[in-house]
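Work through the exercises below with the sequence and structure at hand. Each task is followed by a solution in steps.

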Amino acid sequence: MKIQEADAKSLLLAEGLPVPGWELARTPDEVRKAAEKLFAGGADRVVIKAQVLVGGRGKAGGVKLAGSSQEAFEIGGRILGMDIKGITVRKVIVGRAVDIVKEYYLGAIIDRASRRIVLMASAEGGVEIEEVAKTNPGAIHRVAAHAELGLLPFQARSLGLAIGLRDSLLNQFVAIAQGLHRTMKANDADLVEVNPLGIVNEAGPDGTAVPTLLCLDAKITLDDSGLGRHPGLEAMRDLDEEDPVDAKARKLGINFIHLDGTIGCMVNGAGLAMTTMDLVKHYGGEPANFLDVGGGARHEVVCGAMELILADPNVKAILVNIFGGITRGDEVAGGIIEAQRSQSRVVPMVVRIVGTNADEAARLLREAKLETASSLDDAAQKAVAMAKGAAR
Ligand code: GDP
Ligand code: MN
């Protein structure tokens with residue numbers, strides 16, 4: 001699950017990282033009010049940033065500085081409602097703009113090969129790291145945190161030295177890198193990225209400029225499978241940006257991935273779903289989706305799954321493949337029959353149900369005049385023929 005910059009920043013703050021404050025605004029008036037407060041507090045410029053779950057907002061015109069609250073109001077009006085990579089901007093953050101001296105990149109990911117959290121840093125910050133990886137891979141430095149002990153101070157220090165930081169800035173970097181690692185662990189994150197991590201000139205106690213490291217942008221992806229352990233994080237899901245199909249699948253508790261083919265697949269079990277897709281391809285068809293209805297698939301889940309499949313106009317045939325264990329075949333058959341009756345669109349369908357209560361399932365399907373199959377090969381071949389027939 002991707003979360004917005006504002007939420008990502010609050011997770012960084014919770015680990016004690018240096019993040020400049022912000023306020024969330026949904027209307028130009030709210031932008032003006034937030035800016036007025038910042039100017040009254042001594043800011044000389046404010047930054048207004050679109051909150052959308054895509055990168056490159058800066059380039060797309062979604063990050064702007066304003067020198068007055070009137071200007072902030074106008075810029076807010078332009079950014080709110082703007083389309084960035086197909087997403088409408090519904091909210092912005094307004095913060096005190098800082099005076100950036102240099103931009104760095106700092107990120108933490110799970111490296112599946114080494115089974116460690118790996119921290120990556122680069123002195124080429126501010127630009128997309130994928131771009132740096134292509135054009136100048138040597139500019140990205142990495143260190144793998146210890147699985148038990150975490151990111152050790154010497155590891156963070158070597159990373160900071162590699163990107164050219166020294167003295168006070170190096171010490172600040174060590175604290176930030178360790179905080180990033182803690183943020184990964186504390187929230188079961190897949191990715192925590194600060195780009196840019198900026199050296200900014202902040203006024204010290206005597207008024208002179210002190211170079212300080214600040215997290216100016218934050219991107220966090222949470223592990224969906226870890227969300228159950230962090231009930232508070234569920235509230236960070238941005239429903240505005242969730243694909244309606246994904247939202248429906250999540251509510252039904254099924255695993256659904258949309259693909260480009262014409263044969264809708266409804267299967268129980270992820271491995272069996274993969275096998276089913278392989279056989280569809282083997283017999284010359286293209287699956288329209290991956291769909292695992294899970295174990296013990298009940299009536300409303302089967303109906304919902306059918307709706308998801310039929311919502312895709314490319315679907316020309318449906319292949320149902322159920323291996324009854326905990327899942328009872330007759331229950332699924334009943335669900336399929338009802339689901340088919342309640343759909344507005346009718347496409348040819350072949351159903352294979354084996355295992356628990358398969359005989360009862362077969363009887364129900366026969367009575368409902370649904371096409372059945374004796375084996376998975378048979379089912380896949382029939383589905384491919386149906387899809388081709390429908391295409392003609
Ligand atoms: P992204 O383009 O979606 O990654 O959004 P960022 O938050 O990284 O903003 C893009 C760029 O805007 C940054 O790389 C900075 O150069 C600039 N920027 C962001 N915040 C500030 C700020 O407070 N002051 C200044 N001067 N520039 C900023
Ligand atoms: Mn950024």
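**Exercise 1: two residues in loops**

N357 sits in the loop between strand 18 and helix 11. The model is a predicted one.

Task: State whether N357 is buried, partly exposed or exposed, and describe its phi angle. Then do this for R115.

Solution.
- Step 1. The relative accessibility of N357 is 34%. Buried means under 20% and exposed means over 50%, so N357 counts as partly exposed.
- Step 2. Phi of N357 is near 60°, which is a positive value in a residue other than glycine.
- Step 3. R115 belongs to the loop between strand 8 (100–111) and strand 9 (116–122). With a relative accessible area of 70%, R115 is exposed.
- Step 4. Phi of R115 is positive too, near 55°, and this residue is also not glycine.
- Step 5. For comparison, most residues other than glycine have a negative phi.

**Exercise 2: the manganese ion**

Task: Find the protein donors of the manganese ion (ligand 2) and say where they lie in the chain.

Solution.
- Step 1. The protein donors are N195, through O, and D217, through OD; they lie 2.2 Å from the ion.
- Step 2. N195 is in strand 11 (residues 189–203), while D217 is in the loop between strand 12 (209–215) and strand 13 (219–222). The two are 22 residues apart, and the pair links distant parts of the chain.
- Step 3. N195 and D217 are both buried.
- Step 4. The peptide bond from N195 to P196 is cis, with omega near 15°. P196 is placed in strand 11. Most peptide bonds are trans.

**Exercise 3: ligand 1**

Task: How many residues surround ligand 1, and which polar atoms of the protein lie at what distance from its oxygen atoms?

Solution.
- Step 1. Ligand 1 is surrounded by 14 residues, the closest being K49, R57, G58, V98 and E103.
- Step 2. An N or O atom in the side chain of K49 is 2.5 Å from an oxygen atom of ligand 1.
- Step 3. For G58, a polar backbone atom is 2.8 Å from an oxygen atom of the ligand.
- Step 4. D217, a donor of the manganese ion, has a polar side-chain atom 3.1 Å from an oxygen atom of ligand 1.
- Step 5. Ligand 1 taken alone exposes 560 Å², and the protein buries 81% of that.

**Exercise 4: helices 9 and 10**

Task: Check the lengths of helix 9 and helix 10 against the expected spans, then say which of their residues are buried.

Solution.
- Step 1. Helix 9 (residues 299–310) has 12 residues, and at 1.5 Å a residue these should span 16 Å. The expected span is 1.5 Å times one less than the number of residues. The end C-alpha atoms of helix 9 are 17 Å apart, which agrees.
- Step 2. Helix 10 (residues 329–342) has 14 residues, which should span 20 Å; its end C-alpha atoms are 20 Å apart, so the values agree.
- Step 3. In helix 9, 9 of the 12 residues are buried, so this helix is largely enclosed by the rest of the structure. They are V301, V302, C303, G304, A305, M306, L308, I309 and L310.
- Step 4. The buried residues of helix 10 are G329, D330, V332, A333, G334, G335, I336, I337 and A339.
- Step 5. Their cover includes helix 9, strand 17 (317–324), strand 18 (349–355) and helix 11 (358–367).

**Exercise 5: E71 and T221**

Task: Is E71 buried, partly exposed or exposed, and what is the state of T221? List their contacts beyond four places in sequence.

Solution.
- Step 1. E71 is part of helix 3 (residues 69–79). Its relative accessibility is 33%, so E71 counts as partly exposed.
- Step 2. Leaving out residues up to four places away in sequence, E71 touches L65 and A66. The side chain of E71 also reaches the backbone nitrogen of G67 at 2.7 Å.
- Step 3. T221 is found in strand 13 and is buried, because its relative accessible area is 18%.
- Step 4. With residues up to four places away left out, T221 touches M1, K2, A189, D190 and L191.

Notes. Residues are numbered from 1 along each chain as its sequence is written. Chains are lettered from A and ligands numbered from 1 in the order in which they are written. This is a predicted model: local features need pLDDT of at least 70, side-chain atom pairs count only at pLDDT 80 or more; totals for chains, interfaces and linings use all residues. Side-chain values use heavy atoms; hydrogens and water are left out. Donors are N, O and S atoms within 2.8 Å of the metal (3.2 Å for Na, K and Ca); water is not among the atoms, so sites may look incomplete. Helices (H or I, at least four residues) and strands (E, at least two) are DSSP runs, numbered from the N terminus. Buried means under 20% relative accessible area, exposed over 50%, partly exposed in between (1.4 Å probe, protein chains only). Contact means heavy atoms within 4.5 Å. A polar contact is a pair of N or O atoms within 3.5 Å; within protein, one must be able to donate a hydrogen and the other to accept it, and residues adjacent in sequence count only if both atoms are side-chain atoms. A residue is near a molecule or strand if one of its heavy atoms lies within 4 Å of it. Accessible areas come from the Shrake-Rupley method with a 1.4 Å probe; for residues, only the protein chains shown count as cover.
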